[in-house]
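Trainee: Could we go through this structure together, beginning with charged side chains and then moving on to other topics?

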Amino acid sequence: MQYKLVDRRPVPCADSKEWWEWFRTTDRHVADTRLDDIRVSTAFLGLEHNPLPDGRPALFETEMNVNGEANPLRRYAVWEDAEAGHAEIVRMIKAEIASAGGSSGESARKVGERVVQRIQTVEMGSEQVTKQFKPD
């Protein structure tokens with residue numbers, strides 16, 4: 001199913017034409033944070049992806065890009081969860097940067113690996129376990 005955002009709420013589109021017209025002209029970013037060689041981006045996907053463990057459609061995604069390599073981290077059903085999830089991931093990354101002593105080059109790669117490992121263990125502030133996350 002295809003969705004568009006109306007006042008930050010996902011709304012099903014009547015058809016592919018409606019979705020495409022909305023999708024190609026809209027800024028779908030919820031948040032975008034750069035920390036040296038690490039970029040964290042959270043966006044509305046617009047397409048129903050694998051459902052979350054509670055059955056709701058996964059319509060938003062936070063992705064971490066480290067030195068050009070994309071790592072999808074979490075998916076969400078609603079804007080507010082996406083905002084909160086983005087902020088939590090940025091906090092995790094900042095803590096790992098402090099521990100690693102930087103976030104450029106090889107340090108960024110190591111920070112990224114540790115963050116992915118932490119997220120794969122258990123989702124923070126949610127009952128969703130990311131081991132159930134299956135990228136399309």
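Mentor: Certainly. In this predicted model, K4 and E18 form a salt bridge, and their closest N and O atoms are 2.6 Å apart.

Trainee: Where in the chain do K4 and E18 sit?

Mentor: K4 belongs to strand 1 (residues 3-6) and E18 to helix 1, so the pair, 14 residues apart, links distant parts of the chain.

Trainee: Is E18 buried or exposed?

Mentor: E18 falls between those two words: its relative accessible area is 26%, so E18 counts as partly exposed.

Trainee: Why can such side chains pair at all?

Mentor: Side chains of opposite charge can pair when their charged atoms come close.

Trainee: How many salt bridges does the structure hold?

Mentor: The structure holds 13 salt bridges. One of them joins the side chains of D54 and R56, with 2.7 Å from N to O. R56 has 33% relative accessibility and therefore counts as partly exposed.

Trainee: What about E96, which residue does E96 form a salt bridge with?

Mentor: The partner of E96 is R118, and the closest N and O atoms lie 3.4 Å apart. Because E96 lies in helix 2 and R118 in helix 3, this pair ties together parts that are 22 residues apart in sequence.

Trainee: And are E96 and R118 buried or exposed?

Mentor: E96 is buried, with a relative accessible area of 10%, whereas R118 is partly exposed, with 31%.

Trainee: Which residues are joined into one network by salt bridges that share partners?

Mentor: That network consists of D54, R56 and D81.

Trainee: Now the strands, please. What is the order of the strands in the open sheet?

Mentor: The order is 3-4-5-6, and the pairing of these four strands is antiparallel. Strand 3 (29-35) and strand 6 (69-76) are the edge strands, since each pairs on one side only. On average, neighbouring strands of this sheet are turned by 25 degrees against each other, direction ignored.

Trainee: Over how many bridges do strand 5 and strand 6 pair?

Mentor: Strand 5 (residues 58-66) and strand 6 pair over seven bridges, in the antiparallel sense. Within strand 6, N71 is the residue that stands opposite M64.

Trainee: Which strands does helix 2 touch?

Mentor: Helix 2 (residues 79-100) packs on the sheet and touches strand 3, strand 4 (38-49), strand 5 and strand 6. The direction of helix 2 makes about 5 degrees with that of strand 3. Helix 3 (residues 105-121) also packs on the sheet, touching strand 4, strand 5 and strand 6. Its direction makes about 150 degrees with that of strand 5.

Trainee: Changing topic, what is the count of aromatic pairs?

Mentor: The count comes to six aromatic pairs. Among them is the edge-to-face pair of W22 and F44, with 5.6 Å centre to centre and 90 degrees between the planes. W22 is in helix 1 (residues 16-23) and F44 in strand 4, 22 residues apart, and the pair links these distant parts of the chain.

Trainee: Are W22 and F44 buried or exposed?

Mentor: W22 is buried, with a relative accessible area of 14%. F44 has 0% relative accessibility and so counts as buried.

Trainee: What kind of aromatic pair do F60 and W79 form?

Mentor: F60 and W79 form an edge-to-face pair, with 6.1 Å centre to centre and 90 degrees between the planes. F60 lies in strand 5 and W79 in helix 2, so parts that are 19 residues apart in sequence are tied together. Both F60 and W79 are buried.

Trainee: Which residues do ring pairs link into a cluster?

Mentor: The cluster linked by ring pairs holds W22, F44, F60 and W79.

Methods. Residues numbered from 1 in each chain as written. Predicted model: local features only at pLDDT ≥ 70, side-chain atom pairs only at ≥ 80, totals over all residues. Heavy atoms only, no water. Pairing = 2+ DSSP bridges. Helix = DSSP H or I, 4+ residues; strand = E, 2+ residues; numbered from the N terminus. Axes fitted to C-alpha atoms, helices over the stretch in contact; angles between N-to-C directions. Contact = heavy atoms within 4.5 Å. Phe/Tyr/Trp six-rings, centres within 6.5 Å; stacked < 30°, edge-to-face > 60°. Buried < 20%, exposed > 50% of the residue type's maximum accessible area, 1.4 Å probe, protein only. Salt bridge = Lys/Arg side-chain N within 4 Å of Asp/Glu carboxyl O.
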